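Subject: Structure handover

Hi,

Here is the structure I promised to pass on to you. Have a look at it first, and then read on for what I found in it.

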Amino acid sequence: MSRVIKFRGWSESYKKYLEDMQYPNGHSMLWLFASDGTPYHIEVGYDGLESTPLHLKIGEVVLEQFTGLTDKNGTEIYEGDMDATGIVIKWDEIAASFICMREGNFVDYLGEISNLLIIIGNIHENPDLIK
């Protein structure tokens, strides 16, 4: 069984996910991260493919990994996502697994209950939903 490895990046400076950012001209960007963590954006411009480093400070981009699982409605689940019952998805280094936390307490392993969850937001765009 194989799993898609992908990430989303939250910009602390811009208060947006990088995948949602656009140039003023409306062109969308593809984001890549170098091995040193430097984010780069790639855009198909008038002169072809362009790659430019984004000027962000180290630590301003929070990377969140796709868990490989979906919720009850088929929505992909990432680290930092929240469900309707107040569960927040986190990576646990000791268990080497994605876990479900509510109010700072362990609820279950994500793999055990992902099909019961309904993702309604995330910790960055919806901090008011954290219980």
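Residues 44-53 are a stretch to treat with care: the pLDDT there stays under 50. For these residues the model has 19 contacts beyond four places in sequence. This is a predicted model, and the mean pLDDT of the chain is 78, with 66% of the residues at 70 or more. Residues 20-25 also have a pLDDT below 50, and that stretch has 12 contacts beyond near neighbours in sequence.

Now to the strands. There is an open sheet of 4 strands, in the order β2-β1-β6-β7, and the pairing is antiparallel. Its edges are β2 (16-17) and β7; each has a single partner strand, so one side of each is left without a neighbour in the sheet. Inside the sheet, β1 (residues 7-11) runs antiparallel to β6 and is joined to it by 5 bridges. If you want a register to check, F7 has Q65 as its bridge partner in β6. When you look at the side chains, keep in mind that in a regular strand they alternate between the two faces of the sheet.

Further along the chain, β10 (residues 97-102) and β11 (residues 105-109) run antiparallel, joined by 4 bridges. Together β10 and β11 form a hairpin with 2 residues between them, and E103 in the turn has a positive phi of about 55 degrees. For the register here, I99 is bridged to Y109 in β11.

The aromatic residues may interest you too. The count comes to 4 aromatic pairs. One of them is W10 with Y17, an edge-to-face pair at 5.0 Å centre to centre and 70 degrees between the planes. Both W10 and Y17 are buried. Another is F66 with Y78, which is tilted, with 5.4 Å centre to centre and 45 degrees between the planes. F66 lies in β6 (residues 61-70) and Y78 in β7 (residues 76-78), so this pair ties together parts that are 12 residues apart in sequence. Is F66 buried or exposed? F66 has a relative accessibility of 6%, so it counts as buried. Y78 is buried as well, because its relative accessible area is 9%.

A histidine is worth a click. H124 sits in the segment after β12 (119-122). Its relative accessibility is 18%, and the cut-off for buried is under 20%, so H124 counts as buried. Which side chain does H124 join in a polar contact of 2.7 Å? The partner is the side chain of E64. Leaving aside neighbours within four places in sequence, H124 is in contact with W10, E12, Y17, V62 and E64. That list includes W10 and Y17, the two members of the edge-to-face pair above.

Last, the core. The largest nonpolar core has 9 residues in all: I77, I87, I89, F98, C100, L110, I113, L117 and I119. The elements that give two or more residues to this core are β10 and α1 (110-113). I89 is a good place to start browsing: not counting residues up to four places away in sequence, I89 touches core members including I77, F98, C100, L110 and L117. Outside that set, I89 also touches Y78, the residue that pairs with F66. Other residues touched by I89 include T67, E79, G80, D81 and I99.

Happy browsing, and best wishes

Notes. Residues are numbered from 1 along each chain as its sequence is written. This is a predicted model: local features need pLDDT of at least 70, side-chain atom pairs count only at pLDDT 80 or more; totals for chains, interfaces and linings use all residues. Side-chain values use heavy atoms; hydrogens and water are left out. pLDDT is the predictor's confidence in each residue, from 0 to 100. Contact means heavy atoms within 4.5 Å. Two strands pair if DSSP finds at least two bridges between them. Buried means under 20% relative accessible area, exposed over 50%, partly exposed in between (1.4 Å probe, protein chains only). A polar contact is a pair of N or O atoms within 3.5 Å; within protein, one must be able to donate a hydrogen and the other to accept it, and residues adjacent in sequence count only if both atoms are side-chain atoms. A nonpolar core is a set of buried Ala, Val, Leu, Ile, Met, Phe, Trp, Tyr and Cys residues joined through side-chain atoms within 4.5 Å. Rings of Phe, Tyr and Trp (its six-membered ring) pair if their centres lie within 6.5 Å; planes under 30 degrees apart count as stacked, over 60 as edge-to-face and the rest as tilted.
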